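Visitor: I'd like to know where the labels people put on a structure come from. Can you walk me through a few?

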Amino acid sequence: MAPRTILIGSRTTAERDGRGSGLTAWHPADPDWAESDRLKLTNPSWITAPGPGPVYVLHGDGGTLSVVEVSPEGHLTRSQTVPAGGRNPVHCARIGGHLLVANYATGTVAAHPVRADGLLEPVSGTVSLGDGVGGDRLSHPHQIIPDGDTGRFLVPDKGLDAVVTLELTADGDLRVLDREATAPGSGPRHGVIVGEQLFVVGELDSSLITLTRDVTGIFRVRDATGTLPEGADATESTAAGIAHFPNRAMLVVSNRGADSLSVFHTGPAAPRLVHTVPCAGRFPRFIVRYPQDHRDGLLVAHEYGDTVSWHSAGDLADGRAGYRTVAHTGSPVCVTPLP
């Protein structure tokens, strides 16, 4: 069943060469989506829709986040804007009764208690991921990954070259449990848990890092493989998004600069790069699995191409570049189908 509304967040500031109008709502019509509303927000670079109720929108490069209501007709209303608990919030996720926010510039994760109506209380806890690390490395957390099996959560840290395991305490505080180092210069960005494995995109060295869960429930690095074809110049491209297709044992990673989608086969062994196809746009920052016309597929936000495209999962699995451009909008960086 297709969602009633899809939200797109776009860059708006001159510093980001933003051409977007903020947060836009779309009805997934055929063949092109129809825009139903827009809300003038500054750099809405991440949107989390945890379920019924409001959505949470992060203002990239700033220090705030907004709570936004979406009507059944796709109309947008901002209900609240609050401090994010750090600078440049880049990702958030709902865990229990809290919204956890990764603040890239300050190297912190902040916990916001969520009220019954979905609005946010002041921050209950903040943790600095770089405390005690030493050296001249600065923490840059990039994602919050809930671990449903343990109740913990994972944070790929692009600055520390590590995947950090944390827990949310009963009183709303945050505690670091472990830092698992990845290859120097890998720049862990986004990941996905698949069973007892965690797959993380290494943004800076264009890699796919595989971690496996040990007996204590902590994920440990097993190996890594490139997201670009052999012989490609990784210095001209950075990896970004990741999406999992469980019914096909398939992972897809987007490559900015190479402007391609890398298709991996997954299983008990290390992921294997099987295809690389054009992404149908420029600078594919964000990707998300999305069914369309009763077919499984992938949405790709092209930050520099000002388009969102849909790619058939079957075509990707077969190494074909079948796609449709479904939306035209300035500087799209996040696409969120509502549940």
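Visitor: What stands opposite Leu-58 in β6?

Guide: Leu-65 does. Bear in mind that this is a predicted model.

Visitor: What makes β5 and β6 a pair?

Guide: Two strands need at least two bridges to count as paired. Strand β5 (residues 55-59) and strand β6 (residues 64-70) have four bridges, in the antiparallel sense, so they pass that cut-off.

Visitor: Which sheet are they part of?

Guide: An open one of four strands, ordered β4-β5-β6-β7 with antiparallel pairing. From one strand to the next, the twist averages 25°.

Visitor: Why are β4 and β7 called edge strands?

Guide: β4 (44-48) and β7 (76-83) each pair on one side only.

Visitor: Why is Leu-154 called buried?

Guide: Buried means under 20% relative accessible area. Leu-154 comes out at 1%, so it counts as buried. Leu-154 sits in strand β13 (residues 153-157), and its contacts beyond four places in sequence include Ile-145, Val-163 and Phe-219.

Visitor: How do you know that Ile-145 is in contact with Leu-154?

Guide: Contact means heavy atoms within 4.5 Å, and Ile-145 is among the residues that qualify for Leu-154.

Visitor: What about empty space: how many cavities of 30 Å³ or more are there?

Guide: One. The largest cavity holds about 80 Å³ of space, and its lining includes Trp-46, His-142 and Arg-285.

Visitor: What makes Trp-46 nonpolar and Arg-285 charged?

Guide: Trp is on the nonpolar list and Arg on the charged one, so that's how they are counted. The whole lining divides into five nonpolar, four polar and two charged residues.

Note on methods. Residues numbered from 1 in each chain as written. Predicted model: local features only at pLDDT ≥ 70, side-chain atom pairs only at ≥ 80, totals over all residues. Heavy atoms only, no water. Helix = DSSP H or I, 4+ residues; strand = E, 2+ residues; numbered from the N terminus. Buried < 20%, exposed > 50% of the residue type's maximum accessible area, 1.4 Å probe, protein only. Axes fitted to C-alpha atoms, helices over the stretch in contact; angles between N-to-C directions. 1 Å grid on protein atoms, 1.4 Å probe; cavity = no way out; pocket = protein on both sides within 12 Å on 5 of 7 lines; lining within 4 Å. Points joined across faces, edges and corners; volume = space filled by probe spheres on them.
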